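Please open the model in your viewer and keep the sequence panel beside it, since this tour moves from one selection to the next. At each stop you will be told what to select and what to look for there.

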Amino acid sequence: MRIAMIGGGYVGLVSGACFAEFGVDVALVEADPARLAALHAGRIPIYEPGLEHLVAENVAAGRLSFGADLTEAVRGVEAVFIAVGTPRGADGHADLSHVFAAVEQVAQALTGYAVIVTKSTVPVGTGRRLAERLRAVRPDLALDVASNPEFLREGSAINDFMRPDRVVIGTRSVRAQEVLRRLYRPLYLIEAPILLTDLETAELTKYAANAFLAMKVTFINEMADLCEKVGADVHDVARGIGLDGRIGRKFLHPGPGFGGSCFPKDTLALMHLAQDAGAPSRLVESVVAVNDARKAAMAERIIQACGGSVQGKQIAVLGLTFKPETDDMRDAPSIPIVTDLCAAGALVRAFDPVGAAQARKVLPQQVEYCRDVMDAATGSDAIVVITEWNEFRAMSPVKLSQAMRGRVVVDLRNIFDPVAMREAGFAYHGVGRPAA
Ligand SMILES: NC(=O)c1ccc[n+]([C@@H]2O[C@H](COP(=O)([O-])OP(=O)(O)OC[C@H]3O[C@@H](n4cnc5c(N)ncnc54)[C@H](O)[C@@H]3O)[C@@H](O)[C@H]2O)c1
């Protein structure tokens with residue numbers, strides 16, 4: 001079986017490599033010359049654990065190839081996956097220009113039947129619009145469109161793809177269903193639930209899933225604020241509610257507000273989609289507003305912890321990416337936090353295990369990037385934890401305090417033990433936990 005994957009980013013590269021691992025021949029098309037050059041040189045242009053090995057193995061086995069030539073890639077394939085970006089558009093709607101441009105090229109290039117599958121997250125109705133466009137451009141071919149949204153998480157993307165909670169396939173075409181069933185056969189064998197739906201349902205399911213998770217995060221963040229006011233511990237509250245099977249324990253970790261490549265743009269897109277459809281979601285609207293306000297308020301929280309001013313103070317920022325185990329900086333909470341701290345006169349010395357190269361593109365120029373935690377901590381007045389990389393958890397409070405000039409720790413992920421921090425002489429500020 002042969003397929004083409006259009007787009008070699010976090011989703012296209014992982015999906016392409018995993019389908020190749022299933023034994024499928026995958027021709028991956030990437031438009032960005034720098035990303036493509038890296039792939040040709042055997043380097044992975046993004047950070048995703050395990051991906052380098054998986055890609056190398058499948059390239060060596062001759063099942064995975066990379067190129068810029070879409071016409072060549074789609075020759076003789078049974079399915080073309082669209083895995084290009086759908087960023088936030090200027091008005092908050094999803095920007096579908098990459099999707100339509102890619103499908104236009106695919107339509108011109110195809111020589112026979114294929115299913116065009118949107119793996120990108122696209123608003124409800126996109127598949128139908130694509131199908132209309134394909135009919136107009138290629139009336140000679142009976143092409144099908146299917147929606148197959150991707151639910152992988154950066155940082156554990158390969159495992160998520162190989163052992164998904166479910167696969168959603170949205171198409172009523174029996175022929176397209178047959179192609180996709182064959183492609184996903186290894187997952188049928190491990191009994192992953194495969195949901196067959198229509199196009200619209202599959203498209204909405206992806207947005208609904210992200211909005212629900214974003215809502216859980218936002219809920220526990222609000223509970224954390226309340227805990228701080230009333231003297232409760234948000235971790236115990238999260239455990240107390242999360243052990244209820246109806247609620248579940250995941251996505252109940254308080255922090256500086258959600259960021260990343262999906263939740264911010266997808267909640268916003270769903271908000272607009274619902275408004276346009278005449279069924280506005282006040283819940284999703286609130287999630288967007290509460291989260292935006294939270295991210296914007298974090299720098300002030302840090303400034304207050306530093307005595308009301310960071311002018312001339314050296315702040316060690318630990319973690320910049322939107323979550324651990326990725327180099328993705330898209331909509332990371334660190335962006336408004338670091339930008340505001342710099343604007344308030346702080347000297348920011350930051351350390352992130354893999355994110356510095358991406359961070360340099362989006363953070364203020366004056367930020368200094370450090371070799372490791374101790375390099376960042378040395379001589380600093382305060383430490384701010386923004387991303388909960390595992391290697392930060394084991395830091396010795398005593399060693400940190402010996403290296404620092406000041407004694408303030410603002411732990412926006414609650415990775416440190418408040419008691420140990422206070423014993424080491426720190427003024428420790430966590431999220432949603434009472435003063436020890
Ligand atoms: N990143 C995630 O964790 C994640 C998870 C689930 C779903 N999604 C969705 O998947 C889609 C892709 O996300 P991503 O994070 O992989 O984006 P990305 O920006 O990392 O990758 C997209 C890639 O497509 C390439 N591209 C754009 N137009 C092209 C064209 N015409 N031909 C060839 N290549 C082209 C770009 O150069 C880029 O490398 C989005 O809709 C996103 O919402 C992302």
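Two residues are said to be in contact if their C-beta atoms, placed from the backbone, lie within 7 Å. Before you select anything, note that this is a predicted model, in which local features need pLDDT of at least 70 and side-chain atom pairs count only at pLDDT 80 or more, while totals for chains, interfaces and linings use all residues. Residues are numbered from 1 along each chain as its sequence is written.

**Stop 1: Tyr-47 and Ala-56**

Select Tyr-47, which sits in the loop between helix 2 (33-40) and helix 3 (51-60); helices here (H or I, at least four residues) and strands (E, at least two) are DSSP runs, numbered from the N terminus. Which residues is Tyr-47 in contact with, leaving aside its neighbours within four places in sequence? They are Thr-326, Asp-327 and Val-354. A residue is called buried if 20 or more other C-beta atoms lie within 10 Å of its own, exposed if 12 or fewer, and partly exposed in between, with C-beta atoms placed from the backbone. Tyr-47 counts as buried because it has 20 C-beta neighbours inside 10 Å. If you draw a distance from Tyr-47 to Ala-31, C-alpha to C-alpha, you should find 19 Å in space for 16 residues in sequence.

Now move to Ala-56, which lies in helix 3 and counts as partly exposed because it has 14 C-beta neighbours inside 10 Å. Ala-56 and Ala-17 are 39 residues apart along the chain, and their C-alpha atoms are separated by 9.1 Å.

**Stop 2: around the ligand**

Next, show the residues around the ligand, meaning those whose C-beta atom, placed from the backbone, lies within 6 Å of it. There are 26 of them, and Gly-7, Gly-9, Val-11, Ala-31 and Ser-120 come nearest. Helix 1 (10-21) and helix 5 (97-109) are the elements that give two or more residues to this shell. Colour the shell by residue class, and it divides into 11 nonpolar, 10 polar and 5 charged residues; here Ala, Val, Leu, Ile, Met, Phe, Trp, Tyr, Cys and Pro count as nonpolar, Asp, Glu, Lys and Arg as charged, and the others, Gly among them, as polar.

**Stop 3: the two domains**

Colour domain 1 (2-197) and domain 2 (207-289) separately; these bounds come from an automatic or database domain assignment. Their C-alpha centres lie 29 Å apart, and the contact between them takes 10 residues from domain 1 and 9 residues from domain 2. On the side of domain 1 that touches domain 2, the residues divide into 6 nonpolar, 3 polar and 1 charged.

**Stop 4: a sheet of parallel strands**

Select the six strands that form an open sheet in the order 11-10-9-12-13-14, with parallel pairing; two strands pair if DSSP finds at least two bridges between them. Strand 11 (368-369) and strand 14 (427-429) are the edge strands, and each pairs on one side only. Strand 12 (residues 382-385) is joined to strand 9 over 4 bridges, and strand 12 also pairs with strand 13 (residues 408-411) over 4 bridges. Follow Ala-382 across the sheet: it is the bridge partner of Ile-315 and stands opposite Val-408 in strand 13. Ala-382 and Val-384 point one way from strand 12 and Ile-383 and Val-385 the other way, and all are buried.

**Stop 5: two loop residues**

Most residues other than glycine have a negative phi. Select Glu-191, in the loop between helix 9 (185-189) and strand 8, where phi is near 65°, a positive value. Asp-331, in the loop between strand 9 (314-318) and helix 14 (334-343), also has a positive phi, near 55°. Are these residues buried or exposed? Glu-191 is exposed, because 7 other C-beta atoms lie within 10 Å, whereas Asp-331 counts as buried, because it has 21 C-beta neighbours inside 10 Å.
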